[in-house]
Amino acid sequence: MKGCWRKRLALALVLMVAVLLPGCAPRPETRLYLLAGMEPEAPAAGGTGETMVIGLGPVTLPDYLDRSQIVFRVSENRLAAADSHRWAEPLAGNVLRVLAENLAAQLHPSRILAYPWPRSKAPGYQVRVEVLRFDAGPDDAVHLIANWSVNGMETAPRRADITVPAPTHDFEAMVRSESEALFRLSREIADELRRLASGGN
């Protein structure tokens, strides 16, 4: 009987250790990332040629990006969220701020107001951006697809389809490429604002 009891006790200890070990294992370090604004290589002389007040927003993102984990595409129809690689702040706010920084750098001395702004500070131009896709794919590239418009444009909203190389195994490089994609989008918007400021020519 004693031998049987000892075997049962040993088995119970083995099972207990097996249950406790995963909880004791060190967890991967959580790394935090931010998108960053970029300075144009050769700022346009005089910016828009006048001091405009430009309202940026609303800027909307798809629901699948509304999370702290960085999302990337495993295949065309499957996404993955990296638990140990996260955004340091809500992505929508980070995208709005970076676009505002980029536009301010490219359209100096114009003023950029981030949405929402007080009614007493109504901007002369309002830029709306609807992001449809913003992630890295299995082709080792970041894809930014967005519809954007500026009040005063005679045409329908523009569609930006921007691709920037990015290795999906290197999250820091991926975030840098996403910042580059936002810079290219802001450059398209800045060109349209300059055109509108010059009389639409």
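Let me begin with a definition: a residue counts as buried when its relative accessible area is under 20%. The model before us is a predicted one, and that cut-off is the one I shall apply to it.

By this criterion, buried residues account for 41% of the 201 residues in the protein chain. The chain contains three helices and eight strands. Followed along the sequence, these elements come in the order α-β-β-β-β-α-β-β-β-β-α. As for the contacts between residues at least 6 apart in sequence, 68% of them join residues at least 24 apart.

I turn now to the strands, starting with β3, which spans residues 69-75. How many of the seven residues of β3 are buried? Five of them are, so the strand is largely enclosed by the rest of the structure.

The partner of β3 that I wish to discuss is β4, residues 78-87. The two strands pair in the antiparallel sense, over six bridges. Together they form a hairpin, with two residues between the strands. Two facing pairs help to fix the register: I70 stands opposite A82 in β4, and F72 stands opposite A80 in β4.

Strand β4 also pairs with β1, a strand of residues 31-33. Here the sense is parallel, and the pairing runs over three bridges. Within it, R31 is placed opposite H85 of β4.

Just ahead of that strand is T30, located in the loop between α1 (2-24) and β1. Is T30 buried, partly exposed or exposed? Its relative accessible area is 44%, so T30 is partly exposed, given that the partly exposed class lies between 20% and 50%. Setting aside residues up to four places away in sequence, T30 touches S84 and R86. For T30 and S84, the separation in sequence is 54 residues, while their C-alpha atoms are 4.3 Å apart in space.

Let us move to the helices. Helix α2, residues 91-106, packs against helix α3, residues 171-197, at an angle of about 50°, and the axes are 9 Å apart. Because of that angle, α2 is oblique to α3. The crossing of these two helices is right-handed.

Which residues make the contact between α2 and α3? On the α2 side they are V95, V98, L99, N102, L103 and Q106. On the α3 side they are L182, F183, L185, S186, R187, I189, A190 and R194. Sorted by class, the contact of α2 with α3 comprises nine nonpolar, three polar and two charged residues.

One further residue of helix α3 deserves mention, namely S179. Why is S179 classed as buried? Its relative accessible area is 6%, and the class takes in values under 20%. Leaving aside neighbours within four places in sequence, S179 is in contact with L35, A36 and M38.

To draw the parts together: β4 pairs with β3 in the antiparallel sense and with β1 in the parallel sense. Helices α2 and α3 meet in a right-handed crossing. Finally, S179 of α3 is buried, whereas T30 is partly exposed.

Notes: Residues are numbered from 1 along each chain as its sequence is written. This is a predicted model: local features need pLDDT of at least 70, side-chain atom pairs count only at pLDDT 80 or more; totals for chains, interfaces and linings use all residues. Side-chain values use heavy atoms; hydrogens and water are left out. Axes are lines fitted to C-alpha atoms, for helices over the stretch in contact, and angles run from 0 to 180 degrees between N-to-C directions. Helices (H or I, at least four residues) and strands (E, at least two) are DSSP runs, numbered from the N terminus. Angles under 35 degrees count as roughly parallel, over 145 as roughly antiparallel, 65 to 115 as roughly perpendicular and the rest as oblique. A crossing is left-handed if the near helix is turned anticlockwise from the far one by less than a right angle, and right-handed if clockwise. Contact means heavy atoms within 4.5 Å. Ala, Val, Leu, Ile, Met, Phe, Trp, Tyr, Cys and Pro count as nonpolar, Asp, Glu, Lys and Arg as charged, and the others, Gly among them, as polar. Buried means under 20% relative accessible area, exposed over 50%, partly exposed in between (1.4 Å probe, protein chains only). Two strands pair if DSSP finds at least two bridges between them.
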